[in-house]
Amino acid sequence: MAERFIVTYRIFSDSFDEAQSRADGITLEQTVEIPRDVVPSGYIEDVVLGKTESVVPETEGTFLAKISYSPDAVGDSLTQLINVIFGNSSIQIGLKVVDIELCPTLVSQYPGARFGVSGIRSLTQRKHRGFVCPVIKPQGSNSERLAELCYKTARAGADIIKEDHGLANQPAALFRDRVKACAEAVNKANDEKQAEGSITKSLYFVTLGGHSDQIAEDASFAKEVGAHGVIIMPGLIGLDAINRLARSIELNMPIMAHPSHLGPYVLSPNTGYSHATMFGTLMQLAGADISVFPNVGGRFGFSEEECRSIATACLTSKIGQAILPSPGGGMTIDRMESMMSMYGPDCVYLLGGGLLRYGDEIGKGIEEMRNALDSIKTV
């Protein structure tokens with residue numbers, strides 16, 4: 001039998017017969033998009049048309065439907081793969097994607113992250129424990145101020161220095177001026193740390209928030225001036241933007257996916273994607289090395305169960321290698337023990353606006369976070 005990939009949908013329905021009918025409707029909607037009685041026999045019916053593999057009860061009012069698709073319906077485009085997974089059907093109420101299982105052909109086409117957990121550990125030389133990641137902000141600061149924050153946090157031992165996702169090409173800190181200044185600041189701090197005997201290295205990640213046709217050019221510029229990684233918002237410019245950069249041998253930089261504009265995909269209880277699928281599986285599929293998502297206890301309302309499911313999906317080598325979960329929001333020193341218990345050592349712990357309360361002593365906040373992570377006993 002020809003290989004096929006499988007998507008699992010949660011169907012909200014009052015009866016098995018209705019759920020079965022909806023599943024059969026999905027097979028048409030996601031492929032041929034014509035009535036069943038006019039589907040041409042032969043190749044289109046046998047191969048291209050989606051197939052309902054199973055429909056089973058999950059809870060009262062929900063069913064899990066496994067539907068298989070041929071890679072022939074996809075071709076070589078990630079955009080079309082996502083279109084087959086949940087294109088028109090995403091417009092329907094009472095339907096949620098909860099799992100994706102690729103076939104060998106698609107696994108070979110989408111190998112996942114270039115760096116993943118092991119690669120980020122190699123780049124930072126942070127062999128154990130969690131990663132400390134300050135977010136450089138706020139928007140409106142000039143390049144010199146942002147570079148100063150980069151330098152101070154790098155000198156204090158930050159593993160990853162992430163630009164705020166709201167930094168683009170605003171007049172206060174134009175993209176090229178800002179990136180050059182910040183990259184120089186972080187590399188200066190790295191050189192000083194190395195001279196003092198430190199083996200760890202801080203990685204500066206640049207936000208690519210410009211026009212879609214400039215993403216590759218901006219990424220190349222960032223690498224040229226000494227940046228170490230890039231940040232992409234797939235909710236705004238698409239998962240394929242991550243995939244194109246992840247595949248680039250010339251760029252060869254780790255990629256952080258930011259969740260801006262992805263909320264509507266997961267927040268409805270009966271539409272969209274499960275949290276684990278969106279922030280774990282799809283980010284692995286696109287080729288992200290780090291997936292940022294709202295932390296439990298922050299201002300966005302993700303539950304502990306949802307956050308745990310995201311971390312588990314990221315750290316499961318389902319598509320390519322495991323990638324790093326990166327919860328942000330509500331991350332304070334006094335919560336580190338519970339956060340470490342929840343996420344474990346393979347995690348990028350984001351420190352946002354609260355870090356700015358340290359003022360010119362911002363490095364102290366980094367040191368306190370590092371000490372907190374290092375002092376917690378792991379099983």
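Start with the bigger picture of strands: select S12, S11, S9, S8, S7, S6, S5 and S13, in that order, and you have walked across an open sheet of 8 strands with parallel pairing. At its edges sit S12 (324-328) and S13 (348-351), each pairing on one side only. Look along the sheet and compare neighbours: on average they are turned by 25° against each other, direction ignored. Keep in mind as you click around that this is a predicted model.

**Stop 1: the S12 end of the sheet**

Select residues 255-257 and 290-294. These are S9 and S11, which pair in the parallel sense over 2 bridges. To find a spot where they face each other, pick Ala257, which stands opposite Ser291 in S11.

Now add 324-328 to the selection, which is edge strand S12. S11 and S12 are parallel too, and 5 bridges hold that pairing. One pair to label is Ile290 with its bridge partner in S12, Leu324. How does the chain get from S11 to S12? Follow the backbone through helix H13 (residues 304-315): this β-α-β crossover is right-handed.

While you are here, colour S12 by accessibility. Is this edge strand enclosed or open? Of its 5 residues, 5 are buried, so S12 is largely enclosed by the rest of the structure. In a regular strand, side chains alternate between the two faces of the sheet. In S12, Leu324, Ser326 and Gly328 are buried on one side, and Pro325 and Pro327 are buried on the other, leaving both faces covered.

**Stop 2: the other sheet**

Next, select S2, S3, S1, S4 and S10. In that order they form an open sheet of 5 strands, and here the pairing is mixed. The edges are S2 (51-59) and S10 (271-273), each with pairing on one side only. Neighbouring strands are turned by 20° against each other on average, again ignoring direction.

Zoom in on the S10 edge. S4 (residues 95-101) and S10 run parallel and are joined by 3 bridges. Label Lys96 and you will find Gly272 of S10 opposite.

Now bring in the helices that pack on this sheet. Show H1 (residues 16-29), which touches S1 (5-12), S2, S3 (62-69) and S4. The direction of H1 makes about 145° with that of S2. Then show H3, which packs on the sheet against S1, S3, S4 and S10, with its direction at about 40° to that of S1.

**Stop 3: a chain of helix contacts**

Keep H3 (residues 78-86) on screen and add H10 (residues 239-246). Their axes come within 9 Å and cross at roughly 140°. That angle makes the two helices oblique to each other, and H3 passes H10 in a right-handed crossing. Which side chains should you show as sticks for this contact? Pick Leu78, Thr79 and Ile82 from H3, and Leu239, Asp240 and Asn243 from H10.

Leave H10 where it is and add H12 (residues 275-286). Here the angle is about 45°, with the axes 8 Å apart, so H10 is oblique to H12. On the H10 side of this contact are Leu239, Ile242, Asn243 and Ala246, meeting Leu282, Met283, Leu285 and Ala286 of H12. Leu239 and Asn243 are worth keeping highlighted, as they appear in the contact with H3 and in the one with H12.

**Stop 4: backbone oddities**

Time for a torsion check. Most residues other than glycine have a negative phi, and most peptide bonds are trans. Here are three places to look at with that in mind.

- Select Lys137 and Pro138: the peptide bond joining them is cis, with omega about 5°. Pro138 is in the loop between S5 (131-136) and H6 (143-155).
- Go to Gln125, a residue other than glycine with a positive phi, near 60°. You will find Gln125 in the loop between H5 (116-124) and S5. Its relative accessibility is 27%, so Gln125 counts as partly exposed.
- Finish at His261, where phi is also positive, near 75°. His261 lies in the loop between S9 and H11 (263-266). Buried or exposed? At 51% relative accessibility, His261 counts as exposed, the cut-off being over 50%.

Key. Residues are numbered from 1 along each chain as its sequence is written. This is a predicted model: local features need pLDDT of at least 70, side-chain atom pairs count only at pLDDT 80 or more; totals for chains, interfaces and linings use all residues. Side-chain values use heavy atoms; hydrogens and water are left out. Two strands pair if DSSP finds at least two bridges between them. Helices (H or I, at least four residues) and strands (E, at least two) are DSSP runs, numbered from the N terminus. Axes are lines fitted to C-alpha atoms, for helices over the stretch in contact, and angles run from 0 to 180 degrees between N-to-C directions. Buried means under 20% relative accessible area, exposed over 50%, partly exposed in between (1.4 Å probe, protein chains only). A crossover is right-handed if, with the strands pointing away from the viewer, the path from the first strand over the helix to the second runs clockwise. Angles under 35 degrees count as roughly parallel, over 145 as roughly antiparallel, 65 to 115 as roughly perpendicular and the rest as oblique. A crossing is left-handed if the near helix is turned anticlockwise from the far one by less than a right angle, and right-handed if clockwise. Contact means heavy atoms within 4.5 Å.
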